[in-house]
Amino acid sequence: MVKEEQEIANRPDNTAFTQQRLPAWQPMLSPGIVIPGFVIIGLAFIGIGVALFVTSRSIQVLEIDYTGTEQTSPCFKCSEANTNNCVCQMDFSIDSLFKGPVFFYYGLTNYFQNYRNYGVSKDDNQLSGNLDSFTNPSSTCSPYIYANSKPIVPCGSVANSMFNDTFKMYQIVNGKRKQVPFDGKGIAWWTDYNIKYRNPAVTPLKNAFNGTVKPIFWPRPAYELDPSDPANNGFINQDFLVWMRRAALPDFRKLYRRITEGDYANGLPAGNYSIEIAYNYPVLSFDGRKKVVLSNVSWMGGKNEFLGIAYLVIGSMCVVMSIVMLIVYAKFKFPEED
């Protein structure tokens with residue numbers, strides 16, 4: 001008796017929803033619906049693919065490799081020097097207006113930022129401004145936790161390997177160099193700058209780092225990453241935030257600066273240019289390469305022909321399949337008479 005009462009109590013309510021009696025519509029997939037549907041979907045995908053492909057082809061991209069492994073490269077002396085602050089210069093020319101806004105990227109190849117042990121080698125509490133994590137870094141930061149018996153801040157492999165080449169760009173006008181202004185504000189993700197990473201609530205910021213040491217491969221401590229702008233230091237430094245957002249693929253590029261000001265607000269005029277590079281970041285040990293990339297964007301983002309090609313392929317397949325189904329349907333629906 002008790003068991004029956006429990007079973008009754010556990011039964012769902014006798015409603016159309018709980019008893020699955022709601023009205024439903026089940027499409028009848030007849031040839032008259034499927035074949036036109038495939039045609040419409042295919043044509044739509046082909047149209048989108050053409051628009052994406054044409055737009056992607058219109059995006060301007062200029063890549064300049066400055067690894068310096070070739071003896072003819074202006075950066076060859078720096079790649080062989082194995083010292084910091086070696087400066088080299090790459091010259092190039094632009095034949096027509098490079099439409100703005102122009103984005104200046106640095107690129108690396110054969111660099112696996114998605115490697116798990118590398119990706120977890122950081123202390124999120126430390127990067128969110130928790131002072132306790134300054135003196136007691138997390139073990140996840142291994143092998144870059146302590147140096148000279150002092151805690152490393154920020155600790156971990158990701159922060160320690162931060163890209164530190166710097167660039168200046170000049171236009172050659174009448175034999176003289178005219179510096180192209182760079183805009184480095186807002187190049188990081190908004191969520192990283194405002195939510196994920198925070199500086200300790202200590203003034204001046206330098207005092208929060210007392211008793212700690214900078215990462216081994218950093219030329220300056222975190223509170224002096226940008227001497228020209230006190231607000232762009234610590235864990236909310238724009239270049240630091242860009243680097244800490246790891247790339248998914250081994251060949252990647254990251255935003256370094258935007259060119260949006262002064263005489264270059266509408267883009268880079270045709271002419272001769274040079275990029276002055278402070279060559280600091282080693283890549284030859286892992287067979288990597290370094291490059292700078294100039295690019296503009298469109299309504300679909302950066303240059304990406306794969307997306308347009310994918311739409312074209314899928315759309316074409318849909319149209320072809322609709323033709324095949326039409327032939328099969330016609331053959332079996334209207335068989336030839338003897």
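**Disulfides and a sheet: worked exercises**

The chain has 3 disulfides, a disulfide being a pair of cysteine sulfur atoms within 2.5 Å. This is a predicted model, where local features need pLDDT of at least 70, side-chain atom pairs count only at pLDDT 80 or more, and totals for chains, interfaces and linings use all residues. Residues are numbered from 1 along each chain as its sequence is written, and side-chain values use heavy atoms, leaving out hydrogens and water.

**Exercise 1.** Work out which cysteine Cys-75 is joined to, and where the two sit.

*Solution.* Start with the sulfurs: Cys-75 bonds to Cys-88, S to S 2.0 Å. Next, place them: Cys-75 is in the loop between strand E1 (61–65) and helix H3 (76–81), while Cys-88 is in strand E2, 13 residues apart. (Helices, H or I of at least four residues, and strands, E of at least two, are DSSP runs numbered from the N terminus.) Then check burial, meaning under 20% relative accessible area with a 1.4 Å probe, protein chains only: Cys-75 is buried at 0%, and Cys-88 is buried at 3%.

**Exercise 2.** Find the handedness of the Cys-78 and Cys-86 disulfide.

*Solution.* The S to S distance is 2.1 Å. The torsion about the S-S bond is about -75 degrees, so this link is left-handed.

**Exercise 3.** Say which strands stand at the edges of the sheet E2-E11-E7-E8.

*Solution.* The order is E2-E11-E7-E8, open and antiparallel; strands pair if DSSP finds at least two bridges between them. E2 (86–94) and E8 (176–179) each have a single partner strand, so one side of each lacks a neighbour in the sheet. For E2, the partner is E11 (271–279), over 9 bridges.

Note on methods:
Buried < 20%, exposed > 50% of the residue type's maximum accessible area, 1.4 Å probe, protein only.
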